[in-house]
Amino acid sequence: MTNHYNTIIIGAGHNGLVAAAYLAKQGKKVLVLERRSIIGGSVVTESFGENFTVDSIQTGGTLRPDIIKDLKLGLDTSEKNTRSTRPPFISLQPDGNHLILNEESIKRFSEKDANNWNEFVRFMDKAASILDAAYATIMPRLPKNMNLRDGYGLLELGLELRLAGRKDMLNFIRALPMSAQELVEEYFESEVVRGAIASVAIHGSTLGSMSAGTGYTLIHNWLNRGGLAHINVGKAGEITNALANLVKSFGGEIRTDAEVAKIKIENQIAKGVLLANGEEILADNILSSADPKHTLLKLVGAQDLPPEFVWHTQSIKMRGSVAKIHLQTNGNHGIPEGTLAVAPSIKYLEKAYDAAKYGEISEKPYLEVTTSGNTVSIHFQFAPYNLKNSEWKVESEKVEKLAIDTLAEYFPNLKSSIVNRKLITPKDLEEVYGLTEGDINHGQLMLDQFLFMRPIPGWSNHKTPIDNLYLCGSGVHGGGGVSGASGRNVVKVLK
Ligand SMILES: Cc1cc2nc3c(=O)[nH]c(=O)nc-3n(C[C@H](O)[C@H](O)[C@H](O)COP(=O)(O)OP(=O)(O)OC[C@H]3O[C@@H](n4cnc5c(N)ncnc54)[C@H](O)[C@@H]3O)c2cc1C
């Protein structure tokens with residue numbers, strides 16, 4: 001069967017669906033192809049058994065408010081800004097004196113830190129808004145010549161930065177290359193407070209809170225969460241389901257169990273896709289929301305790309321080191337609602353990261369824990385995709401045990417409450433969820449993979465050396481994390 005579409009979008013994660021929604025709304029004939037049997041990519045709520053339905057990958061989250069408004073999605077746009085009503089961020093302490101990240105609780109650890117808390121939150125909000133403006137801007141293909149459209153986008157961004165105020169703008173630029181440790185030390189003296197905040201900087205990154213550039217990742221995660229605690233826990237799937245319904249309401253098509261095996265290319269022009277089942281589908285434009293390495297090295301292939309481009313693509317740092325453990329319980333786990341972290345100090349976090357540097361699993365891991373109904377979800381770092389002296393089929397049980405044992409130290413009823421469990425290793429993130437090397441952001445968020453260097457230097461405007469083939473997932477500027485920026489931005493550069 002051969003069909004012809006205006007646009008084929010590879011992947012029904014939130015970015016692919018955002019792009020599809022904008023295009024379908026414009027009246028374009030759109031087809032989204034998803035290899036899994038369910039849509040959502042990492043923004044998915046799925047079932048692992050009866051009464052065992054969870055945000056399996058990304059916890060809750062929401063899209064950029066401007067996208068929600070543009071698309072009239074009916075999701076709450078105020079969520080990113082309302083912190084007072086959201087379940088708190090709690091840093092668990094071995095002595096039971098847990099820290100809740102608010103002025104009152106911080107005061108128990110340091111009066112000075114409590115006094116600095118509001119100024120820190122103000123700065124972080126400002127820094128996040130500057131980063132947000134940068135993510136909304138399509139980056140020019142430096143060092144190539146800029147065209148008028150690039151110049152206009154940068155001018156708009158420059159104005160935004162100017163409006164941010166000179167002091168905050170300079171402090172923002174200064175914060176990016178700093179380590180999270182250096183940044184939090186400027187505001188806080190308590191190790192407990194420092195560790196709690198710094199944990200969010202390394203969430204999803206294979207970096208330690210003493211690594212340069214974790215000032216940037218702290219601002220990035222603050223932007224996407226709208227603070228430190230997660231929002232909408234247990235509702236990740238609502239975002240992607242709302243998007244999928246919208247795509248369909250505009251006449252767009254979404255096919256699941258439809259793995260793209262190859263992008264069909266003739267004379268350096270993308271013409272369509274070949275599915276794993278042998279079906280060929282043609283289109284004027286192909287957008288891929290799969291990660292850049294997968295798209296360019298597997299679906300296109302080195303033979304159709306310039307050697308230097310291939311080298312740069314091969315060099316994208318993926319380095320996944322996250323595992324996820326979901327526990328179905330009888331409800332007596334004793335864990336309060338909120339975003340809970342096992343991150344008692346910066347030194348603890350750094351030691352957890354040390355293991356990853358040597359290809360080992362952290363014996364004392366950084367954990368981030370959320371609950372939804374009777375289910376407990378544990379985000380585990382560090383569990384490197386590339387294990388030095390072992391392999392994942394041997395180490396899986398160890399990670400599950402470490403996660404449960406570590407959390408049970410704080411909640412003794414946890415173990416006896418467990419009735420079912422589901423472990424997702426970095427290998428599963430690759431094999432089941434399509435994330436190369438288990439990298440949750442389709443490429444590490446690092447300053448050398450940032451702005452006009454994301455996904456690779458010189459190709460930051462969604463285009464590729466193949467005409468009519470564009471990238472629109474988290475691995476391009478605007479991503480990673482949940483926001484929809486890269487899915488929305490790509491639509492602006494289409495012919
Ligand atoms: C464990 C975990 C924790 C996270 N925590 C956070 C967090 O706290 N905060 C935050 O902001 N972000 C977090 N993220 C990251 C965030 O969820 C992702 O960056 C984002 O959701 C990616 O969206 P996407 O649409 O770009 O790509 P994806 O969601 O990866 O979607 C891409 C889709 O393409 C499909 N696909 C791939 N190859 C093919 C093919 N050949 N044919 C057809 N389909 C294909 C995949 O199956 C997938 O559905 C987390 C991610 C993970 C995995």
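Me: Leu451 lies in the loop that runs between helix 16 (426-431) and strand 16. Why does Leu451 count as partly exposed?

Reply: The model is a predicted one. Leu451 has 15 C-beta neighbours inside 10 Å. A residue is called buried at 20 or more such neighbours and exposed at 12 or fewer. The value for Leu451 falls in between, so Leu451 counts as partly exposed.

Me: What makes the phi of Leu451 worth noting?

Reply: Phi of Leu451 is near 45°, which is a positive value in a residue other than glycine. Most residues other than glycine have a negative phi.

Me: Why is Asn468 called buried?

Reply: Asn468 has 21 other C-beta atoms within 10 Å. The cut-off for a buried residue is 20 or more, and therefore Asn468 is buried. Asn468 lies in the loop between helix 16 and strand 16, and its phi is also positive, near 70°.

Me: Why is Tyr470 called buried?

Reply: Tyr470, which lies in strand 16, has 26 other C-beta atoms within 10 Å. Set against the cut-off of 20 or more, this count makes Tyr470 buried.

Me: Which residues is Tyr470 in contact with, leaving aside its neighbours within four places in sequence?

Reply: The contacts of Tyr470 include Asn285, Leu287, His462 and Val490, as well as Leu494. The C-alpha atoms of Tyr470 and Leu494 are separated by 8.2 Å, although the two residues are 24 apart along the chain. A contact is judged on C-beta atoms, which must lie within 7 Å, so the C-alpha separation does not exclude it.

Me: What makes the peptide bond from Gly479 to Gly480 cis?

Reply: Omega of this bond is near 0°, and the bond from Gly479 to Gly480 is cis. Gly480 lies in the loop between strand 16 (469-471) and helix 17 (485-493). A second cis bond leads from Gln381 to Phe382, with omega near 20°. Phe382 is found in the loop between strand 14 and helix 14 (392-408). Most peptide bonds are trans.

Me: How do you know that strand 8 and strand 9 pair?

Reply: Pairing requires at least two bridges between the strands. Strand 8 (residues 260-266) and strand 9 (residues 269-275) have 6 bridges in the antiparallel sense, so they pass this test. Lys264 stands opposite Gly272 in strand 9. The hairpin of the two strands has 2 residues between them, and Asn267 takes a positive phi near 50° there.

Me: Why is one side of strand 6 and of strand 15 left without a neighbour in the sheet?

Reply: The open sheet has 7 strands in the order 6-5-12-13-14-11-15, with mixed pairing. Strand 6 (99-100) and strand 15 (418-424) stand at the edges with a single partner strand each, so one side of each has no neighbour in the sheet. Within this sheet, strand 12 (residues 339-342) and strand 13 (residues 366-372) pair in the antiparallel sense over 3 bridges, which meets the requirement of at least two. Ala341 stands opposite Glu368 in strand 13.

Me: Which strands does helix 8 lie across?

Reply: Helix 8 (residues 191-202) lies across strands 5, 6, 12, 13 and 14, and runs at about 120° to strand 5 (89-91).

Me: What makes the contact of helix 8 with helix 13?

Reply: The axes of helix 8 and helix 13 (residues 346-357) come within 7 Å and cross at roughly 35°. Among the residues that make the contact are Arg194 and Ala198 of helix 8 and Leu349 and Tyr353 of helix 13. The residues of this contact divide into 6 nonpolar, 2 polar and 2 charged.

Me: How many residues surround the ligand?

Reply: The ligand is surrounded by 41 residues, of which Gly11, Gly13, Gly41, Gly434 and Gly481 are the closest. Helix 1 (14-25) and helix 11 (292-300) are the elements that give two or more residues to this shell, and helix 1 contributes the largest share, 3 residues. The shell divides into 14 nonpolar, 22 polar and 5 charged residues, with glycine counted as polar.

Me: How do you know that the radius of gyration of the protein agrees with that of a compact globule?

Reply: For 495 residues, a compact globule would have a radius near 23 Å, and the protein has 22 Å, which agrees. Its C-alpha atoms fill a box of roughly 65 × 55 × 45 Å along the principal axes. Buried residues make up 53% of the 495 residues.

Notes. Residues are numbered from 1 along each chain as its sequence is written. This is a predicted model: local features need pLDDT of at least 70, side-chain atom pairs count only at pLDDT 80 or more; totals for chains, interfaces and linings use all residues. The radius of gyration is taken over C-alpha atoms; the globule rule is 2.2 Å times the number of residues to the power 0.38. Helices (H or I, at least four residues) and strands (E, at least two) are DSSP runs, numbered from the N terminus. Two residues are in contact if their C-beta atoms, placed from the backbone, lie within 7 Å. Axes are lines fitted to C-alpha atoms, for helices over the stretch in contact, and angles run from 0 to 180 degrees between N-to-C directions. A residue is near a molecule or strand if its C-beta atom, placed from the backbone, lies within 6 Å of it.
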